[in-house]
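Thanks, everyone, for making the time this morning. I would like to walk through one model with you, going from the overall fold to the individual residues, and I will put it on the screen now.

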Amino acid sequence: MIDIGKQTININCPKCKSKVNINVKHVADQKLVKCICGQGI
Ligand SMILES: [Zn+2]
């Protein structure tokens with residue numbers, strides 16, 4: 001069984017276009033994830 005709490009996805013930041021690695025658990029919890037540039041995703 002896969003532990004989804006440790007899986008990550010890559011999203012392109014809408015501001016600086018860099019890839020942001022996000023834990024899927026953060027997505028499930030709808031937490032605001034910040035890019036290195038400070039942009040919330
Ligand atoms: Zn960014």
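**Overview of the chain**

Of the 41 residues in the chain, 12% are buried, and I should say at once that this is a predicted model. The secondary structure amounts to one helix and two strands, and, read along the sequence, the pattern is β-β-α. Along its principal axes the C-alpha trace spans about 35 × 15 × 10 Å. If we take the contacts between residues at least 6 apart in sequence, 13% of them join residues at least 24 apart.

Let me turn to the strands. Strands β1 and β2 run antiparallel and are joined by five bridges, one pairing being that of Asn10 with Asn21 in β2. Together β1 and β2 form a hairpin with six residues between them, and in that turn Lys17 has a positive phi of about 65°.

Which residues of β2 point to the buried face, and which to the other? Along this strand, residues 19–23, the side chains alternate, with Val20 and Ile22 buried on one face, while Lys19, Asn21 and Asn23 point to the other face and are not buried. That is in keeping with a general expectation, because in a regular strand the side chains alternate between the two faces of the sheet.

On the partner strand, β1, which covers residues 8–12, we find Ile9. Its relative accessibility is 35%, and Ile9 therefore counts as partly exposed, since buried would require under 20%. Leaving aside neighbours within four places in sequence, Ile9 is in contact with Val20, Asn21, Ile22, Val24 and Val27. For a sense of scale, Ile9 and Lys31 are 22 residues apart in sequence and 14 Å apart in space, C-alpha to C-alpha.

Now to the metal site. What coordinates the zinc ion? The donors are the SG atoms of Cys13, Cys16, Cys35 and Cys37, at 2.3 to 2.4 Å, and in sequence these donor residues are spaced C-x2-C-x18-C-x1-C. The four donor atoms subtend angles of 107 to 113° around the zinc ion, and the arrangement is therefore tetrahedral. A search of the whole structure for disulfides finds zero.

The donor cysteines are worth taking one at a time as regards accessibility. Cys13 has a relative accessible area of 1% and is buried, whereas Cys16, at 35%, counts as partly exposed, as does Cys37, at 34%.

Cys13 also ties the metal site to the core. The largest nonpolar core consists of five residues, namely Cys13, Val20, Ile22, Val33 and Cys35, so two of the zinc donors, Cys13 and Cys35, are listed among its members. Not counting residues up to four places away in sequence, Cys13 touches Ser18, Val20, Cys35, Cys37, Gln39 and Ile41.

To draw this together, Val20 is on the buried face of β2, belongs to the largest nonpolar core, and is among the contacts of both Ile9 and Cys13. I am happy to go back to any of these views.

Note on methods:
Residues are numbered from 1 along each chain as its sequence is written. This is a predicted model: local features need pLDDT of at least 70, side-chain atom pairs count only at pLDDT 80 or more; totals for chains, interfaces and linings use all residues. Side-chain values use heavy atoms; hydrogens and water are left out. A disulfide is a pair of cysteine sulfur atoms within 2.5 Å. Buried means under 20% relative accessible area, exposed over 50%, partly exposed in between (1.4 Å probe, protein chains only). Donors are N, O and S atoms within 2.8 Å of the metal (3.2 Å for Na, K and Ca); water is not among the atoms, so sites may look incomplete. Four donors count as tetrahedral if all angles lie between 85 and 135 degrees; four count as square planar and six as octahedral if opposite donors are over 155 degrees apart and all others between 65 and 115; anything else is irregular. A nonpolar core is a set of buried Ala, Val, Leu, Ile, Met, Phe, Trp, Tyr and Cys residues joined through side-chain atoms within 4.5 Å. Contact means heavy atoms within 4.5 Å. Helices (H or I, at least four residues) and strands (E, at least two) are DSSP runs, numbered from the N terminus. Two strands pair if DSSP finds at least two bridges between them.
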